[in-house]
Amino acid sequence: MSRTSAPVGARPVTADRPGVPEPAGPPASRRGLLVALFLAPALLALGTLVAYPIVYTVWLSLHNADGSRFVGLANYVTMFTSESTRKAMANNAIWVVVAPSLVTVVGLVLAVLTERVRLATAVKTVLFMPMAISFLAAGVTFRMVYDESPDRGVANAVAVAAHDAVRPPAPYHGAVPREGAAPVDAGGALLMPLVGLPAERVPADAVPAAVPAAGPGLRGVVWLDFTPGGGGVPGGVDAGEWGLPGVVVEAVRDGTVVARTRTAPDGTFAFDVEGVTARLAAENFTEPFNGLTWLGPTLVTPAIIGAYIWIWAGFALVLISAGLAALPREALEAARVDGASEWQVFRRVTVPLVRPVLVVVFVTLVINVLKIFDLILVIAPESAQDDANVVALEMYRVSFGGGLDFGLGSALGVLLFLFVLPAMLLRIRSLRREVR
């Protein structure tokens, strides 16, 4: 069978429609012009919103506070020798190490668990809802959550409830001995009057106080030295004054506690030992646990990281759930058929298969936490902002917080860009690997 060739100058014939010539494309110069016209808006936007600000920031970082005089690298020297900048970089390192890892782990756990519930979509929607709240509103919310008063702050209310369940507060906290009261009455009984205890905190089993009868050893009474309606003798047991039951009294000899007892419902106590003195144990007056200072110098950064996890866990959950939905079910079922436990399936099958998604989530969060600013500005009180400071917040405080040093602020901006750049390049590389 002979093969014929097309005559010179003839148009090529399309494969799907034999005999119909392909349409001639535009000339190369015209194609280049069309490409340039289509790319021009995007290039103009990138140049205006990205390239120019970067170049101008670098230029401004080499000038003095108002940009009127070239100072070279002086702003960078000032930046790295500043204690506040070093503290900000240390806090940024904590954020990068802790926050993305915790958000990724929490998102992975939530994604695996929500696959096993009926209303998975509704649960995921509820968990994703914090992402719809602005960081400003979330910061204001968590500023109230971390309030020091257990009556207002949710975090301290939970902490106080958990602490009191294990170690209840002392029954007579706030009570103090009456000043100037005589230690021993005429009958030899030791009088130990207390004041400062509200009437509603007197135990329900308390009965009117009574002075114990004389006898061997050391005897005494502990009571609330307050007569309802006024009157009475300060330091003396009067009618209508309540004994304080359950008060721990210690017998002390030469500075050593030799015996302990508790008062009766009428406040009386007795020791069958001689040559001792009595004192009220400190455990009777231990102040109740009032929670933690979440926004103090020690806990302010972990507290803000907790707020960040609450906001971004839903983001990690949605992305990881999408990755889990694309996993081959045959591999999971094969592992279960081979006798693997659910933990082994999760650790040896699920996590390795979903690792590319975990990397994407982690790198995205690293970029985000390097630029964290608004949560710290809103949540951390003014007294703790130095302890919670990060590079982005330091840049804002230097540039607009009173100093108006745009040169040093621009140097901090360049530093922040250099921090973010490696994570951005890693993110681009992972995206290209996914496309391939």
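The following questions and answers concern helix packing and sheet pairing in a predicted model.

The model is predicted, with local features needing pLDDT of at least 70 and side-chain atom pairs counting only at pLDDT 80 or more, while totals for chains, interfaces and linings use all residues. Residues are numbered from 1 along each chain as its sequence is written, and side-chain values use heavy atoms, leaving out hydrogens and water.

Me: At roughly what angle do the axes of helix α3 and helix α7 cross?
Reply: Helices (H or I, at least four residues) and strands (E, at least two) are DSSP runs numbered from the N terminus. Axes are lines fitted to C-alpha atoms, for helices over the stretch in contact, with angles from 0 to 180 degrees between N-to-C directions. The axes of α3 (residues 83-114) and α7 (residues 300-325) come within 6 Å and cross at roughly 45°.

Me: Which class of residue, nonpolar, polar or charged, is absent from the contact of α3 with α7?
Reply: Ala, Val, Leu, Ile, Met, Phe, Trp, Tyr, Cys and Pro count as nonpolar, Asp, Glu, Lys and Arg as charged, and the others, Gly among them, as polar. The contact of α3 with α7 holds 21 nonpolar residues, six polar and none that is charged. The absent class is therefore charged.

Me: At which residue does α3 bend by about 25°?
Reply: The bend at a residue is the angle between axes fitted to the seven residues ending there and the seven starting there. In α3, a bend of about 25° is found at W95.

Me: Which strands stand at the edges of the open sheet of three strands?
Reply: Two strands pair if DSSP finds at least two bridges between them. The sheet has antiparallel pairing in the order β5-β4-β7. Each edge strand has a single partner strand, so one side of each is left without a neighbour in the sheet; these strands are β5 (256-262) and β7 (277-280).

Me: Which residue in the hairpin of β4 and β5 takes a positive phi?
Reply: Strand β4 (residues 248-253) pairs with β5 in the antiparallel sense over six bridges. R253 has T256 as its bridge partner in β5, and V252 stands opposite V257. The hairpin has two residues between the strands, and the positive phi, near 55°, belongs to D254.

Me: What is the bridge partner of V176 in β2?
Reply: The open sheet of four strands runs β1-β2-β3-β6 with mixed pairing. β1 and β2 (residues 190-195) pair in the antiparallel sense over two bridges. In β2, V176 is partnered by V195.
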